[in-house]
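Trainee: Please choose one part of this model and take me through it closely, residue by residue. After that, I would like to see how the rest of the chain is arranged around that choice.

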Amino acid sequence: MRDVTLINASRRGFLTGLGAGAFVIAVGLPRLGRAQDEEKKEFGRDAMPNGWRDDPNVFISIAEDGTVTLTCHRSEMGQGVRTSIAMVLADELEADWDRVHVAQADGNEEYYGNQDTDGSRSLRHFFMPMRRAGAAARTMLEQAAAAQWGVPVGEVRAQNHAVVHQASGRSLGYGELAKAAAQLPVPEGDAVRLKSPDAFRYIGKDNIGLVDNWDITTGHTTYGIDVRLNDMLYAVVARPPVYGGKVASYDDAAALKVPGVVKVVAIDAPEIPSEFHPLGGVAVIARNTWAAIKGREQLKIQWEDGPNAGYSSPAYRKQLEEAARKPGKLVRAQGDFDGAIAKAAKRVTAEYYIPHLAQAPMEPPAAVARIVDGKCEAWACTQAPQVTKLRLAERLGLSEQDVTVHVTLLGGGFGRKSKPDFVLEAGLLSKAMDGAPVKVTWTREDDLHHSYYHTVSVERLEAGLDEKGRPIAWLHRSVAPTIGAIFAPDPKHQLPFELGMGLTNTPFDIPNFRGENPEAPAHVRVGWYRSVSNIPHAFAIQSFVNELAHEAGRDPKDYLLELIGPPRKIDPTEIGDVWNYGENPELYVIDTGRLRRVVDAAAKGIGWGRQVPKGSGLGIAAHYSFVTYVAVAAEVAVAENGAVTIPRVDIAVDCGPHVNPERIRSQMEGAVIMGLGQALSAEITFENGRAQQNNFDTYELARMNTSPREIHVHLIPADSPDMPLGGVGEPGLPPVVPAITNAIFAATGKRIRQLPIGDQLTA
C-alpha cells in the first residue's frame with residue numbers, strides 16, 4: 001500500500017493547478033446532467049436533484065507527465081468515498097494507482113451531478129457512472145494512439161497507464177496521448193466498453209488503503225474547523241436555548257470589553273418550521289475564537305422561550321406511550337389482523353423506548369464565509385454543498401452563480417452536516433462585517449444543545465400466537481415526531497420514507513399484519529441521524545422477536561429464521577412500502593434469502609449455540625435497510641454489579657458486489673461501536689425545552705474500555721457481479737443494539753425495553 005497525493009482545491013484551482021502541461025480529456029462546455037438530457041425517471045440516481053454525470057470531462061484530467069487527477073464530487077466524512085470513487089475511475093481508466101491524484105470537488109451539482117452525501121448512496125448511485133467515465137476516457141486514449149500509429153483501434157489496448165500495439169510492440173504513455181485524446185468526442189452508448197469484472201485491478205481488492213490516510217494521520221489535511229484566511233475574524237453564537245425561542249433583549253457592554261472582541265451582532269430567529277436556517281441569537285465576533293467564547297460568556301440576554309418552553313422528556317414520553325396505546329393512522333394492512341388476534345392462543349405485547357440522540361461528530365460544525373464584490377465564498381465541512389449554496393444565496397440576496405461552496409474534509413457527519421445552518425451563520429456574519437472573512441465555530445456544547453436530533457420514539461408491538469407459539473397476527477404502532485417538522489408547520493405523522501425504514505416493509509412471513517402511526521408533535525429540530533428511523537424500528541422488532549421466541553420456548557435464531565420464512569422475493573410496494581429507499585422496486589426487491597443468509601453467517605461466526613460462561617449470553621438480530629442486509633450476533637457478559645462487557649461481535653453484510661471491501665469492513669466496525677454507545681449510555685433529554693447534556697461526560701459514547709474485544713465482519717459474496725449495489729454507510733447500525741440487548745436477556749433474564757441501558761442492570 002502507498003499513499004496517493006490528495007488535492008484539496010476548487011475546480012478552477014484543479015485546472016490551473018496542473019499548469020500548462022495538463023489536458024482535460026475532450027475539452028468542451030459541460031453538458032447538462034443525464035437526468036435533464038433524457039426523460040425524467042422516478043428511481044435511484046435519476047430521481048436525485050440534478051441527477052448524475054458520467055462525463056470524463058468532469059472527473060478525469062491527465063497531465064503531460066502522465067499524472068492522472070480524479071475528482072471526487074462526494075463529501076468525505078470517514079467513509080472512504082474519495083478512495084472508492086477513485087478506485088472505480090482508475091480501474092476502468094486502466095490507470096496506474098501510483099500515478100493517481102485525487103481532488104475534492106466544490107459544490108456544483110449542475111456540473112457534477114447530485115452531491116448530497118447521505119442515504120448510503122454514493123457508490124450505489126455512482127458506481128456505474130464512474131465506470132462509464134473511466135471507460136470512456138480509456139477508449140479516447142486508445143483512439144488517439146490508434147490514429148497516431150495508423151492502425152485500427154481494435155488492435156490497441158490500454159494497459160497500466162499506457163496504450164500498446166501488441167503487433168508492433170509500440171507503446172505510448174497516457175501523458176503522451178492526453179492532448180490528442182482531449183480533441184476527441186466522448187464516446188457514448190455501446191462505444192464505451194466496460195471491463196469484465198474479472199479484469200478489475202482495484203475494484204473489489206483489499207490492498208488499496210486510503211488516499212488521504214497519510215494527510216489525516218499527520219495532520220496535513222484541512223477540516224472545516226482548520227480553514228484560515230488572511231484577516232479572518234472568529235465568531236461564536238449564543239442561540240436560543242429552546243427551539244422556537246428568540247432574543248427579548250440583550251446587553252453586550254461587558255462582552256465588548258473582552259480583549260479581542262470586535263463586534264456583537266444579533267441574528268434574527270426564523271419562523272417555525274426553521275428548515276436549515278440558523279436558530280438566531282447573538283453572535284460575538286472577535287480576533288480569535290477564545291476571545292469570542294469569553295465575550296459570549298459576558299453577554300446578558302433575556303430570552304423569550306416560545307411555544308416549546310414546556311418540553312420535558314419524562315412528560316413527553318408519557319404522551320407518546322398514551323398515543324401508542326390507541327389506534328393510529330393505518331400505514332400497512334395485510335390480511336385480517338382483528339380476526340386473527342381474536343383467535344390467537346396467546347397475545348404478547350411490549351413497548352420499546354428510544355430517546356433523542358445527537359449525531360455528535362468529533363468535529364463540531366464549523367464554516368468560513370467571505371463576501372467580495374458581491375460574491376460569496378464559503379468553506380465548510382458539509383455533506384450537502386448544493387443546498388448550502390442555495391440557502392446562502394437566498395439569505396445573502398445573491399444569485400446562486402455568485403456563491404461558491406468549498407467542501408473540506410468532515411470530521412464525522414452522521415447526518416448533522418447535511419444541514420447548512422452553521423454555514424449560513426458564517427455568511428450572515430461576514431455580511432455584517434462588510435464581507436470580511438468570518439469563521440463560525442460551534443463548541444461541543446453548542447452542538448449538543450442545538451442539534452437536529454434523532455427522533456424520540458415509542459414502538460408498541462402486539463402479536464397473537466398460535467398453539468405452537470408462531471405469530472398469526474402482528475401489530476406495530478410507531479409513535480415519533482417526524483423529520484417533516486423542520487419543513488412543514490406542525491405535522492403529526494411520520495413520512496413514508498420514515499415508515500419505510502423497517503416498519504411498512506417488515507418482510508416477515510406473517511399472514512395478518514397491521515402497521516399504525518399515531519400522532520406525535522415535534523418540539524425540537526428533528527433531523528437525519530445515521531440509519532434514521534431504522535434504529536427504533538429494528539430495536540423494537542428484533543427485541544420483540546426475541547421475546548416471542550422466549551414465550552414459545554424456541555431458539556431465538558431459529559425463531560427469527562422462521563419468521564423471515566422461506567427464501568422469496570418481495571415487491572416492497574406490495575407490502576406497503578411506497579418509498580423503497582428511492583430505488584426501483586423491480587430492481588431492488590426484498591430478498592428474504594439474502595436476509596436469511598446474513599443471519600446464518602453471523603450465527604456461524606459467533607458459534608451460535610455454544611456454551612458461554614455464567615453471566616454471559618448470545619444475542620442475534622437482523623435488519624434490511626438502505627437495500628442492504630445485515631445481521632449481528634453479539635456475546636455479552638454482565639457482571640454482578642451490572643457492568644456490561646462484550647467479548648465478541650460478529651456482523652454479516654450482504655450489500656451486493658464489493659467495490660472497496662476494506663471500507664465495507666470499516667463501516668461495519670464503526671456501526672458496531674456507534675451502536676454500542678446507543679445501547680449503553682447515549683441519551684439527549686430535555687427539561688423546560690432545554691437539552692440537559694453538555695459534553696461527552698454527560699452524553700457518553702462508546703469508549704475503548706467498553707468496546708467489544710473482537711469484531712468480526714463477514715462479507716457475503718455477491719450472487720453476480722452485475723447485481724445492483726446496496727448501501728454500506730448506514731445499514732450496519734440498526735441490528736447492533738437489539739443483538740446486544742437480546743444477549744443481555746440471555747445472560748441475565750432481564751429484558752431491556754428502553755434505551756440507553758444505563759443503570760437498568762445495576763444489582
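Mentor: A helix here is a DSSP run of H or I that covers at least four residues, and helices are numbered from the N terminus. With that in hand, the part I would choose is helix H4, which covers residues 81–93, and I should say at once that we are reading a predicted model.

Ala86 has its place in helix H4, and at a relative accessible area of 1% this alanine is buried, since that term applies to anything under 20%. If we set aside residues up to four places away in sequence, Ala86 touches Leu70, Trp97 and Val102. For a sense of distance across the chain, the C-alpha atoms of Ala86 and Asp509 are 42 Å apart in space, with their positions 423 residues apart in sequence.

Further along the helix, Glu92 also belongs to H4, and this glutamate counts as buried because its relative accessibility is 0%. Again without residues up to four places away, Glu92 touches Arg131, Gly134, Ala135, Arg138, Arg193, Leu194, Lys195 and Phe200. Among these partners, Gly134 deserves a second look, for although it is 42 residues away from Glu92 along the chain, the C-alpha atoms of the pair are separated by 4.7 Å. Lys195 is another partner to inspect in detail: its backbone nitrogen lies 3.2 Å from a polar atom of the Glu92 side chain, so when you look for what this carboxylate meets at Lys195, the main chain is a place to examine, given that a polar contact is a pair of N or O atoms within 3.5 Å.

A polar side chain elsewhere can be read in a similar manner. Asp54 sits in the loop between helix H2 (34–37) and helix H3 (56–59), and with a relative accessible area of 5% it is buried. The side chain of Asp54 makes a polar contact with the side chain of Arg132, at 2.8 Å. Ser418, in turn, has its place in the loop between strand S18 (403–407) and helix H14 (421–432), where it is buried at 7% relative accessible area. Apart from neighbours within four places in sequence, Ser418 is in contact with Asp118, Gln383, Ala384 and Val387, and with Gln383 there is a polar contact between side chains at 3.4 Å. Arg325, by comparison, is 93 residues from Ser418 in sequence and 34 Å away in space, C-alpha to C-alpha. For an example within a strand, take Thr441, which lies in S19 (residues 438–441) and counts as buried at 8% relative accessibility. Thr441 touches Ile225, Ala235, Val236, Thr289, Pro365 and Asp446, again with residues up to four places away left out.

The backbone calls for its own inspection. Most residues other than glycine have a negative phi, and most peptide bonds are trans. Ala360, in the loop between strand S15 (346–354) and strand S16 (366–372), has a positive phi near 45°, and it is buried at a relative accessible area of 5%. Val627, in the loop between strand S25 (616–625) and strand S26 (628–638), likewise shows a positive phi, near 55°, and is buried at 3%. As for peptide bonds, the one that joins Ile272 and Pro273 is cis, with omega about 5°, and Pro273 lies in the loop between strand S11 (261–267) and strand S12 (281–286). The bond from Leu755 to Pro756 is also cis, with omega near -5°, and Pro756 falls in the segment after helix H21 (736–748).

Finally, the setting as a whole. The protein has 21 helices and 30 strands, and its C-alpha trace spans about 80 × 75 × 50 Å along the principal axes. The radius of gyration is 27 Å, which agrees with the value near 27 Å for a compact globule of 763 residues. Buried residues make up 62% of those 763, and buried Glu92 is one of the residues to keep in mind here. Of the contacts between residues at least 6 apart in sequence, 78% join residues at least 24 apart. The accessible surface comes to about 28300 Å², with 49% of it belonging to carbon and sulfur atoms, while the mean positions of the 80 positive and 93 negative charges are 2 Å apart.

Conventions. Residues are numbered from 1 along each chain as its sequence is written. This is a predicted model: local features need pLDDT of at least 70, side-chain atom pairs count only at pLDDT 80 or more; totals for chains, interfaces and linings use all residues. Side-chain values use heavy atoms; hydrogens and water are left out. Helices (H or I, at least four residues) and strands (E, at least two) are DSSP runs, numbered from the N terminus. Buried means under 20% relative accessible area, exposed over 50%, partly exposed in between (1.4 Å probe, protein chains only). Contact means heavy atoms within 4.5 Å. A polar contact is a pair of N or O atoms within 3.5 Å; within protein, one must be able to donate a hydrogen and the other to accept it, and residues adjacent in sequence count only if both atoms are side-chain atoms. The radius of gyration is taken over C-alpha atoms; the globule rule is 2.2 Å times the number of residues to the power 0.38. Accessible areas come from the Shrake-Rupley method with a 1.4 Å probe; for residues, only the protein chains shown count as cover. Lys and Arg count as positive and Asp and Glu as negative; His and the chain ends are not counted. The place of a charge is taken as NZ of Lys, CZ of Arg, CG of Asp or CD of Glu.
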